[in-house]
Amino acid sequence: MSDQTSFYPELAKDIAPARGRLGVLLPGIGAVSTTLVAGVHLIAKGLARPFGSLTQMQRIRLGKRTNPRFVPVHELVPLAKLTDLVFGGWDIFPDNAYEAARAAGVLTAEMLENVKEELSAIEPWPGVFDRSYVRRLEGTHVKSAPTKRHLADLLIEDIEGFRSAQRVDRAVMLWCGSTEVYLQPSATHQTLAAFEKGLEKNAPEITPSMIYAYAAISQGIPFGNGAPNLCVDIPALIELAHEKKVPVAGKDFKTGQTLMKTIVAPGLKARMLGLEGWFSTNILGNRDGEVLDDPGSFRSKEVSKASVLDAILQPEIYEELYGRYFHKIRIEYYPPRGDAKEGWDNIDIVGWLGQPMQIKINFLCRDSILAAPVALDLILFLDLAQRAGLAGIQEWLSFYFKSPMSRADLKPEHDLFIQHLKLTNTLRILVGEEVLDHSGLDYYEGEAPAAEEELDRRKSGTE
Ligand SMILES: NC(=O)c1ccc[n+]([C@@H]2O[C@H](COP(=O)([O-])OP(=O)(O)OC[C@H]3O[C@@H](n4cnc5c(N)ncnc54)[C@H](O)[C@@H]3O)[C@@H](O)[C@H]2O)c1
């Protein structure tokens with residue numbers, strides 16, 4: 001047996017080069033968007049470093065551990081360069097990206113001063129908005145049109161104008177708008193024909209974020225959803241994505257508390273430690289927190305966060321260990337904290353002979369600092385996926401989401417480490433490299449290595 005067991009030459013792709021400018025279309029010019037845009041410019045100017053971003057910092061191991069190569073992701077696959085990114089977006093308030101970044105208060109005034117010109121140049125186009133879906137906001141900078149179909153056309157006009165004014169060769173859209181109220185998929189969402197009829201008839205189950213997704217995909221533009229609302233996660237838009245050969249991904253950026261959950265829970269399960277309860281609460285005071293203070297929007301977030309533990313712990317298989325745990329999630333809007341969220345987790349676990357133990361996590365995180373590199377990677381990977389000819393749901397991007405989209409008959413993967421392997425192996429497969437399974441048995445079959453070789457091997461390490 002080898003630790004490079006699988007090789008899928010038939011799945012390797014001819015990936016078109018990342019030539020020219022990549023337009024990044026952002027519905028929602030708020031905390032995440034402005035931290036992303038400011039960060040990209042600061043990094044491109046050499047004034048800051050892209051910590052948290054796989055596309056910019058991670059290396060992927062190729063070859064055997066006796067002769068490994070650790071290749072940077074951006075050398076393994078052709079990705080757009082940060083200097084080739086051009087940003088545009090919509091918001092329901094007219095502030096430019098510099099003003100929005102100052103209001104969001106994530107980055108210091110001094111950092112923002114270095115990219116003031118670039119940020120000030122991003123003046124949002126009026127948004128497609130309806131208060132019934134985000135009740136805590138009252139937009140003043142919004143489009144009006146007789147039907148949702150017309151609203152989609154207005155978005156397409158903005159996209160076309162941006163493409164020609166900025167001379168962009170390709171584009172990606174990433175929803176960074178507020179969380180919409182919770183909705184169950186309904187008949188209008190099931191087929192493209194029903195959805196398009198719904199657009200004409202102003203069907204209430206078609207939300208603004210779905211109109212943006214429709215506009216993007218219909219124009220051949222890959223679409224990602226950073227919020228937990230349904231948006232692109234409906235059969236009608238997946239059908240359109242396949243028809244237009246467009247990759248899509250979602251939903252809900254995996255950042256603070258859920259990121260921690262998907263790091264800790266796989267460890268508990270791997271060691272067969274039981275779980276009696278997991279209580280998560282956090283305080284945050286930015287606009288996202290204000291929107292989530294509404295029970296309708298909170299429900300979208302709660303559903304997105306809640307499925308994580310069950311999916312990882314598999315109570316249906318491990319009834320004794322995980323069949324009865326209590327999972328409670330709270331988000332409290334607390335303005336003094338702004339974007340500097342604080343999360344508390346109390347985890348009641350059970351060990352050998354049923355003995356109880358507790359784990360406490362107190363995460364003083366910065367929401368948008370964790371979200372911005374996720375947004376950047378998604379933009380670059382969605383563009384890569386399109387140049388590689390991948391269409392529909394990009395399950396290999398589950399790594400970045402709290403509530404990963406997957407084919408209807410497959411369970412989504414939540415374990416961060418499996419998600420990471422899925423991502424890195426997908427990159428290997430795309431470029432015709434062998435995938436790794438890390439069993440390592442083959443190194444111990446046959447003759448033992450000479451002492452010198454063994455030393456070299458230890459120095460080179462593993463991935
Ligand atoms: N920050 C994180 O770590 C994180 C993590 C996971 C998910 N998210 C989600 O990402 C989204 C953005 O988060 P944020 O912290 O930047 O929030 P934010 O409130 O700072 O920004 C959202 C922006 O979207 C605008 N907006 C709302 N509806 C719109 C519409 N229909 N069209 C155009 N603009 C619209 C708002 O005016 C606001 O400026 C939220 O849905 C949030 O739940 C954020």
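In what order do the seven strands of the open sheet come? Reading across this predicted model, you'll meet them as S5-S4-S1-S6-S7-S8-S13, with parallel pairing. Strands of a sheet, by the way, pair through backbone hydrogen bonds, either parallel or antiparallel.

Now look at the edges of the sheet, where you'll find strand S5 (125-126) and strand S13 (392-393). Each has a single partner strand, so one side of each is left without a neighbour in the sheet. Further in, you can zoom in on one pair: strand S7 (residues 223-225) and strand S8 (residues 247-249) run in the parallel sense and are joined over two bridges. To find a bridge partner there, start at Gly224 and cross to Ala249 in S8. Helix H9 (residues 208-218) packs on this sheet, touching S7 and S8 along with strand S1 (22-27) and strand S6 (170-175). The direction of H9 makes about 165 degrees with that of S6.

Next, on to the ligand. Where does it sit? Domain 1 (9-253 + 368-430) and domain 2 (256-364) both give residues to the shell around it, so the ligand lies between them. There are 34 residues around the ligand, and those that come nearest are Gly28, Gly30, Gly127, Ala227 and Arg287.

Several elements chip in at least two shell residues each: helix H1 (31-44), strand S4 (85-91), helix H12 (287-292) and helix H15 (367-387). H15 gives the most, with four residues. And what kinds of residue make up the shell around the ligand? It's a mix of 18 nonpolar, eleven polar and five charged ones.

Key. Residues numbered from 1 in each chain as written. Predicted model: local features only at pLDDT ≥ 70, side-chain atom pairs only at ≥ 80, totals over all residues. Near = placed C-beta within 6 Å. Nonpolar A, V, L, I, M, F, W, Y, C, P; charged D, E, K, R; others polar. Domains from an automatic or database assignment. Pairing = 2+ DSSP bridges. Contact = placed C-beta atoms within 7 Å. Axes fitted to C-alpha atoms, helices over the stretch in contact; angles between N-to-C directions.
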